[in-house]
Amino acid sequence: MTNKYIGSRVKRKEDPRLLTGNGRYVDDIKIVGQLHIAFYRSDHSHARICNIDTQAAKCSPGVIDVFTEKDICEYYSPVIAQSRMKNYQATVMSILAKDKVRYVGEPIVAVVAESRYAAEDAAALIAVDYEALPFITDPKVAAQLNAPKLHEELDSNILVERSFRRGDVEQAFWKPQVHIKEQFRFNRKTSVAMENRTYLANYDCTLNHLTLYSSTQVPGIIKDALSDLLNIPGNELRVIAPDVGGGFGGKTSLYPEEILVVLLARKLKKPVKWASDRLEDLTTTSQAFDELIDAEIAVDADGKILGLKAEVIGDVGAYSIYPWTAGIEPVQVISFLPGPYKIENYDAHVRAVATSKSPTGPYRGVGRPCSTFVMERLIDLASEQLDMDPKEMRLKNLVQPDEFPYKAASGIVWDKSGFVEGLNAACDAINYDELRDQQARARDEGRLFGIGISTFAELTGIGSRISASPGMPINTGTETASISIDSTGSIVARFGVASHGQGLETSLAQVVAEHLNVSIDSVRIIHGDSDAVAHSTGTYASRSAALGSGAAILATRALNVKLLKIASILLGDEEENIFIQDGFFFNKNTDKSLSLKALAKAYYSQMGSIPAELKEEIGDLSATKTYDPLWGTTSSATHVVALEIDRISLKVKISKYIVAEDCGQMINPLIVEGQVHGGVAQGIGAALFEEMVYDEQGQALSASLADYIVPAATEIPRIDIEHLDVELPPTLSGVRGMGESGTIGAPAAIANAISDALAPLDQYVTELPMTPERIFRLVQAAQNPSS
Amino acid sequence: MKPAIFDYEVATSIEHAVRLLSSSDNSKIIAGGQSLMPIINFRLLEPSLLVDITRLPDLQGIKSTLGGGISIGASTKHHELETSLLIKERFPLISDAMKHVAHLAIRNKGTIGGSLSHADPAAELPLLMLLLDAVLHITGPTGLRKISVKEFLVGALTTILEDNEILTRIDIPSLPKRTNFAFNELSQRAGDLALCAVGVTISMSSGMLGRTKKIKDARIGLMGVNDTAIRISEAENLLIGRSSLDSSIIDQVAQICTSTISPNTDLHASADFRRHLALQMTKKTLTEAWEKAQASKTSENQNKENQSEENL
């Protein structure tokens with residue numbers, strides 16, 4: 001078979017709609033009679049609720065009703081994220097705060113009104129009396145066993161605790177040539193999708209059926225959870241994720257507002273909508289990696305890594321998020337810390353600590369932006385002490401091409417991926433040696449010019465053998481495709497995965513069209529709808545290309561078997577003499593041909609054309625198949641960046657950026673490159689700009705887009721990409737996941753490049769983001785070493 | 001994030017606008033709405049009446065005034081200032097600095113009077129008008145008064161405007177002949193509020209009949225580093241009368257500026273970092289302005305040549 005679509009730069013089918021402003025997001029859906037919710041949210045980070053006065057709000061014009069937790073608690077079961085992990089403590093989250101509040105922004109009262117304006121006017125009239133409780137904002141303090149507890153029913157604030165150990169770490173750290181010991185800090189950030197979280201529930205009383213339109217990445221997970229929590233049979237509930245404007249992990253969790261719109265639509269028998277504003281989105285959408293990492297590395301005189309140690313505290317915020325749990329980010333920091341390197345001796349320990357801040361959850365790259373930042377800094381710090389080029393030290397320690405599969409120190413198994421090839425390709429593409437010469441000249445002129453490398457590996461497209469979040473008891477390992485050809489010969493392919501910007505309507509259509517040998521224009525993709533397939537979890541963890549295309553291949557194979565049987569009868573020859581090309585079936589021996597449309601019409605509509613017993617055997621022209629890639633596969637990449645720090649403004653200007661990545665078979669290089677560009681842009685945000693700042697009282701200070709700084713187009717340099725073609729992975733389509741790699745590699749590469757730029761001042765980076773203010777402090781420290 | 005209920009009236013004349021403003025004890029003017037709308041959406045302000053002054057022809061446009069100055073109606077949009085040929089010819093400093101005012105979409109809506117009346121310490125318009133010795137026309141119930149920008153700016157987000165007064169017009173007198181300038185701004189992202197900006201103008205004497213050219217007029221202004229935009233007269237005076245500037249004078253001027261300002265610490269920059277920026281950016285900006293002044297020819301047609309030569 002020649003590849004017609006797979007690997008081609010097919011223009012995205014969804015773009016004309018999205019780019020002309022004709023996308024249909026949840027807030028674009030307006031149902032006659034819809035009501036609006038505004039929340040009264042906590043302005044305390046930790047306090048007991050003494051009294052809630054909603055009297056004035058209830059009398060405010062346009063208000064339908066006002067709800068507190070005691071008004072709704074009998075209609076649902078509280079949200080509890082379960083885990084099989086030892087030492088895990090689940091939290092209980094109610095929809096509206098019950099008895100006490102645990103973060104600023106936690107919803108306490110819901111006002112339902114005829115318009116959002118009326119709802120907000122009424123919410124402003126609500127008065128809540130609080131009794132302040134101790135702030136629990138410093139995770140180091142909160143981790144102590146005698147610290148005040150955020151959840152009184154738990155033993156401590158430590159929700160998750162886990163260790164990984166391999167080899168003899170004591171021995172490895174016994175007088176090594178180089179011993180680096182450093183504390184790293186990756187400050188909290190958040191997703192900032194263009195579309196804020198928005199939910200609309202519509203209850204059809206006549207059919208006893210509920211539809212939730214949700215800006216979610218995971219309609220299947222939401223449906224399953226709502227069915228349980230609200231005790232609604234699945235056939236009375238449908239969750240649709242229409243066009244969704246970005247997710248980045250922030251839309252993979254179940255939110256209180258999402259449950260509430262469904263609960264209230266059922267209770268009020270009216271459509272109910274909640275669209276978060278930017279303030280709510282910044283302060284209540286699950287936030288990302290807030291990690292403090294004490295790490296040590298031991299290296300011998302040749303630059304070989306002898307051992308690695310880490311002690312990690314992850315500040316996970318107020319609740320263990322559903323369904324991923326508080327373990328998702330911090331545990332994966334130590335799962336992935338050894339990276340693509342051969343490290344025989346490893347000892348790492350992590351605690352996920354509850355604090356009175358917004359809950360954290362999955363964020364693009366999960367764990368690996370932090371682990372890569374730390375590991376890549378350690379390598380650069382060690383190579384500097386050895387006076388060895390950082391590229392050289394990486395080459396010495398990377399798993400070599402003949403050493404796959406390699407079981408990493410935390411137990412992860414890397415299947416063959418282009419670790420060494422990626423490093424070499426990136427350095428070649430950026431002309432590494434010439435760049436070092438350029439740096440030497442710049443330094444002679446007193447300029448702060450730096451080059452940074454980061455090399456990393458991640459697990460993507462994982463199947464049923466590993467949970468997408470450690471210990472989480474839901475199946476994240478399979479995806480289903482259901483492809484059917486109807487009586488008009490039209491092809492519809494239904495998937496459970498849900499696109500929120502990735503272009504799945506295009507890439508999955510490419511796979512279906514390729515394997516059915518039809519035109520891509522004849523394939524319609526349905527996704528983001530819990531009615532599409534019987535079970536799905538959705539799109540996250542770089543899985544949809546790998547799992548979705550695998551399911552599509554299995555379903556097209558099954559469908560092709562049916563089509564060939566029918567074509568052989570209609571074309572009057574053995575199946576082996578029939579082939580299909582561009583939507584036509586041909587008989588090799590005659591010049592007879594038959595279009596897919598004619599075949600479908602003949603099959604469904606011409607009585608007697610197909611023997612009855614064969615028709616019973618074939619059924620309709622559809623196939624539903626589920627794909628499980630079991631262990632998933634390794635994706636890897638190397639980023640190299642050159643940048644300069646302006647001596648006056650202390651701003652970082654990136655002059656060159658290269659990514660060499662191994663994502664296996666590309667379905668659509670345009671989409672792959674777009675994902676890399678977007679990911680790197682977000683990684684630049686994490687490295688230089690974005691930080692969710694809380695004060696010691698747990699107040700979010702960066703709660704607007706004037707204070708939470710996301711990079712704009714003017715801050716993003718040209719990004720060049722080298723695609724590696726090393727060896728196809730064991731996934732059915734040969735695809736490796738690649739949606740997260742940009743955010744994983746960029747912070748580390750930039751941290752290394754800034755450190756390299758500051759080397760003449762004997763300063764280096766241990767904290768991200770490196771804002772001009774933080775660079776200023778390093779430069780000051782260089783000028784006043786005593787202070 | 002929706003505003004509380006308010007009334008909205010469109011003024012048909014300046015006097016009508018003043019009457020409307022006086023009719024309520026909680027009224028606000030709305031023009032471009034680029035600062036006001038976020039504030040009322042956050043419910044930081046809950047005005048009961050908004051008076052729309054965007055349809056008053058008297059408040060529109062840029063006019064030439066006698067002696068080479070200009071007069072700008074307060075409802076003139078930033079983008080008009082940015083692209084006006086008259087301004088480019090007479091006050092290239094404004095044309096140059098306007099690109100730092102937020103983003104194009106905001107410059108298309110926001111007005112010069114709105115920016116001045118909002119008085120954000122990190123906004124460009126107050127600094128530019130301070131540098132150019134602009135005179136502000138303020139109309140209230142008792143008629144028109146004219147005051148300097150320095151008097152107008154009281155503190156961060158605070159001016160001398162009474163609740164029922166309107167900033168209607170800004171007059172900018174001509175600059176001395178043989179004026180060169182430099183303007184530098186630093187913000188985290190393009191279009192953000194400035195962490196620090198410095199503007200410098202240097203006007204030289206004619207140098208006719210073989211006399212040495214000297215600095216006749218010098219202006220140094222900073223913003224983002226003080227509770228209002230600020231001119232540093234002590235530093236300006238140090239420059240006047242000099243025929244050359246060496247690095248020790250430039251350092252001294254920058255030191256004076258840095259010790260005169262009183263910057264805040266906020267999320268984006270500490271007071272120390274802002275002092276660093278003020279010091280370094282003053283040196284840089286003064287040096288650039290001086291270099292331009294040096295590069296300019298000594299003919300009587302000085303001004304015109306400056307413009308073509310430096311593409312201001």
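This briefing covers the contact between two chains, one helix and two buried residues. The model is predicted. Chain B and chain A bury about 2200 Å² between them. One salt bridge crosses that interface. Away from the salt bridge, the briefing turns to helix α20 of chain A, whose 18 residues are buried, and to A:E673 and B:R219, both of them buried.

**The interface of chain B and chain A**

- Chain A brings 30 residues to the contact, and chain B brings 24 residues.
- Carbon and sulfur atoms give 63% of the buried area of about 2200 Å².
- B:M1, B:Q188 and B:R189 supply 29% of the area that chain B buries against chain A. No other three residues supply more.
- The one salt bridge found across the interface joins the side chains of B:R43 and A:D121, at 2.7 Å from N to O.
- Polar contact links 12 residue pairs across the interface, counting pairs with both residues at pLDDT 80 or more.
- Helix α12 of chain B, residues 271-295, gives the largest share of the side that touches chain A: seven residues.
- By class, that side of chain B holds 12 nonpolar, six polar and six charged residues.

**Helix α20 of chain A**

- Helix α20 runs over residues 741-758 of chain A and has 18 residues.
- From first C-alpha to last, α20 reaches 26 Å, close to the 26 Å expected at 1.5 Å a residue.
- The rest of the structure largely encloses α20(A), because 18 of its 18 residues are buried.

**A:E673**

- A:E673 sits in helix α19 of chain A, residues 669-689.
- Its relative accessible area is 18%, so A:E673 falls under the 20% cut-off and is buried.
- Beyond its neighbours within four places in sequence, A:E673 is in contact with A:R9, A:I721 and A:H723.
- The side chains of A:E673 and A:H723 are joined by a polar contact of 3.1 Å.
- A:S417 is 256 residues from A:E673 in sequence. In space, the two are 19 Å apart, C-alpha to C-alpha.

**B:R219**

- B:R219 belongs to strand β13 of chain B, residues 215-223.
- B:R219 is buried, with a relative accessible area of 7%.
- A polar contact of 3.0 Å links the side chains of B:R219 and B:D217.
- Leaving aside neighbours within four places in sequence, B:R219 has contacts that include B:L131, B:L132 and B:D133. Also among them are B:L175, B:P176, B:R231 and B:E236.

Notes. Residues numbered from 1 in each chain as written. Chains lettered and ligands numbered in written order. Predicted model: local features only at pLDDT ≥ 70, side-chain atom pairs only at ≥ 80, totals over all residues. Heavy atoms only, no water. Contact = heavy atoms within 4.5 Å. Buried area = accessible area lost by both parts, 1.4 Å probe. Salt bridge = Lys/Arg side-chain N within 4 Å of Asp/Glu carboxyl O. Polar contact = N/O pair within 3.5 Å; in protein donor to acceptor, adjacent residues only side chain to side chain. Helix = DSSP H or I, 4+ residues; strand = E, 2+ residues; numbered from the N terminus. Nonpolar A, V, L, I, M, F, W, Y, C, P; charged D, E, K, R; others polar. Expected span 1.5 Å × (residues − 1). Buried < 20%, exposed > 50% of the residue type's maximum accessible area, 1.4 Å probe, protein only.
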